[in-house]
Amino acid sequence: MPYYGGMSDRPNAFVIHGGTILAGDVVLRGSKNAASKAMVASLLTEDACVIENIPFSEETAITRELCERIGSAVSFEDDHICRMTTPRIREHSVPELSRRNRIPILAIGPLLARGGVAEVPFLGGDPIGHRPIDFHLEALTRMGATIERREHSYHASASRLTGADIVLPFPSVGATESVLLTAVLAHGRTTVENAAVEPEVQNLIAMLQGMGAVISADAAAKRLEIEGVAALHGVRHRVISDRNEAVSFAVAALATGGNILLRGADAAHLAAFVAILEQMGGRVTEEKGGLLFAPAERWARIAVETAPHPGFMTDWQQPLAVLLTRAAGTSILHETVYEDRLGYLRDMGRMGARVDVSDECPEGRPCRFAGRSFNHVARITGPTALHGIDLAITDIRAGMAHVIAALSATGTSVISGIAHLDRGYEKLDERLRGLGADITRV
Ligand code: EPU
């Protein structure tokens with residue numbers, strides 16, 4: 001079964017003539033990975049919720065379909081506003097929804113809180129590693145749920161949800177969100193150690209607090225404490241701007257030699273990216289209403305390691321890789337969050353990049369993948385000039401890296417499989433054209 005679909009009636013390739021300089025300004029949309037969680041959070045109350053800054057991407061459309069099946073009335077309005085009301089849970093069992101994203105597992109907590117039963121399909125999402133959900137299932141079980149794995153779904157039931165002390169083996173974004181969405185209406189106190197504290201998680205916490213949840217978060221200590229309450233109420237909540245979109249647009253301009261102003265960018269959320277960019281010689285300044293990025297005279301090589309927040313995000317290494325092909329010398333990219341997220345570099349090699357991928361951690365930097373034969377370290381030697389090719393993309397961030405590579409390359413590229421990009425980037429081609437890109441959807 002394909003893990004992503006639904007776009008078959010739309011054009012499915014980009015034709016890109018590379019080599020033009022991208023420059024100007026772009027308004028960032030709301031975060032894909034915060035918006036979908038906010039929609040699920042609204043299932044926790046029968047009151048109306050208003051979610052501002054919703055991106056109109058396939059991810060929110062897929063999440064809307066899930067919530068509507070469950071019983072929500074959802075409207076997407078002008079100015080990126082989403083109104084959602086779930087007066088009652090009409091359907092607690094939605095196993096037949098196809099495996100198109102990672103969101104259904106998060107609905108288990110709200111469904112259990114409101115009706116004691118939940119059945120959701122196995123997850124989809126990008127093929128970037130094994131992506132287990134054992135932390136979610138373990139935490140839900142500790143909070144009183146009984147979970148059964150069926151042929152195509154997880155079936156959960158709970159007569160009473162109770163608080164628990166949870167220590168996550170890794171600060172998983174999804175598992176932390178699962179716990180939050182379950183603990184807020186559970187009886188008693190829940191603590192989470194080694195919690196994810198990504199801005200998207202903090203945005204979810206802010207929404208839940210706005211709904212009446214009692215949560216305290218110590219981001220530096222990666223610790224959360226949640227005191228369950230009897231009911232939550234409606235809220236008006238704003239989704240943070242998309243950090244992945246920010247990095248994608250910034251690198252697209254920089255790799256072609258242009259300056260770009262990202263309107264709505266939050267410097268604090270992008271600090272780890274800005275630090276790496278400045279080490280490479282790029283210039284970043286805070287302007288009124290956004291962040292201005294300017295290219296280096298001569299890009300310098302770097303060593304970068306992906307990590308949970310506040311580290312350098314795993315979703316940023318793919319666009320960055322394009323810039324590393326411009327840097328003089330050998331840069332090192334060490335992916336420590338997902339074990340299989342460097343496959344896209346093969347196509348980058350076909351475009352002319354000098355790339356060497358290995359399963360050995362850089363000297364003195366062992367990570368949890370050490371000795372496990374995962375190809376998670378790349379050495380990229382530059383500067384090299386890229387040239388256009390035809391390629392098919394298989395996941396959203398890798399796909400974006402290929403689009404950026406094609407924009408900065410000489411010649412023409414035809415990139416198919418762009419439904420992956422539509423899942424997370426609203427009107428990507430139109431917005432890139434606004435910056436001067438020669439990109440057409442065919
Ligand atoms: N993990 C487990 N067991 C679990 C959960 C996670 O072993 O039960 C492992 C994963 O396999 C991975 C690591 O923990 O190696 C981190 O996974 P995490 O749970 O943090 O990721 P996620 O919640 O599935 C979200 C974003 C990803 C983003 C990661 C890391 C959404 C829908 N997805 O995934 O975004 O890369 O956090 O920040 O929020 C994307 O947008 O392209 C994307 C993949």
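Let me start with R397, where a polar side-chain atom lies 2.7 Å from an oxygen atom of the ligand, and I should say at once that this is a predicted model, so that every value I quote is computed from it. Y338 also faces a ligand oxygen, with a polar side-chain atom 2.9 Å from an oxygen atom of the ligand. The nitrogen side of the picture involves D134, which has a polar side-chain atom 2.7 Å from a nitrogen atom of the ligand. Taken on its own, the ligand has 830 Å² of accessible area, and the protein covers 93% of that.

Which residues come closest to the ligand? The shell around the ligand holds 24 residues, and the closest are K37, D134, S172, V173 and V337, so D134 appears here again, now as one of the closest residues as well as a polar partner of a ligand nitrogen. In terms of secondary structure, at least two residues of the shell are supplied by each of α1 (32-41), α4 (134-142), α5 (173-183) and α11 (396-408). If we divide the shell by residue type, we count 10 nonpolar residues, five polar ones and nine charged ones.

Now let me step out from the ligand to the space that holds it, which is the largest pocket. That pocket contains about 1100 Å³ of space, and 47 residues line it, with R131, S172, V173, V337 and Y338 lying nearest its centre. The elements that give two or more residues to this lining are α1, α4, α5 and α11, and of these α5 gives the most, with four residues. By type, the lining of the largest pocket divides into 21 nonpolar, nine polar and 17 charged residues. When you look at the model, it may help to find S172, V173 and V337, since these residues are listed among the closest to the ligand and also among those nearest the centre of the pocket.

Let me turn to the enclosed spaces. How many cavities of 30 Å³ or more does a search of the whole structure find? The search finds two, and I will describe the second largest, which has a volume of about 30 Å³. Its lining is made up of A196, V197, V201, Q202, I205, A217, A219 and L224. Helix α6 (residues 199-210) provides the largest share of that lining, namely three residues. In character, the lining of this second largest cavity comprises seven nonpolar residues and one polar residue, with no charged residue.

I would like to finish with the backbone, where three places deserve a careful look on the screen. Where does the chain carry a cis peptide bond with omega of about 10°? That bond joins H309 and P310, and P310 is placed in the loop between β17 (303-305) and α9 (317-324). Another cis peptide bond runs from G382 to P383, with omega near 0°, and P383 lies in the loop between β20 (377-382) and β21 (390-392). The remaining place is N53, which is not a glycine and yet has a positive phi of about 70°; N53 is found in the loop between β3 (48-52) and α2 (58-70).

Terms used: Residues numbered from 1 in each chain as written. Predicted model: local features only at pLDDT ≥ 70, side-chain atom pairs only at ≥ 80, totals over all residues. Heavy atoms only, no water. 1 Å grid on protein atoms, 1.4 Å probe; cavity = no way out; pocket = protein on both sides within 12 Å on 5 of 7 lines; lining within 4 Å. Points joined across faces, edges and corners; volume = space filled by probe spheres on them. Nonpolar A, V, L, I, M, F, W, Y, C, P; charged D, E, K, R; others polar. Near = heavy atom within 4 Å. Polar contact = N/O pair within 3.5 Å; in protein donor to acceptor, adjacent residues only side chain to side chain. Areas by Shrake-Rupley, 256 points an atom, 1.4 Å probe, with all protein chains shown as cover. Sits in = over half its atoms within 2 Å of the grid points.
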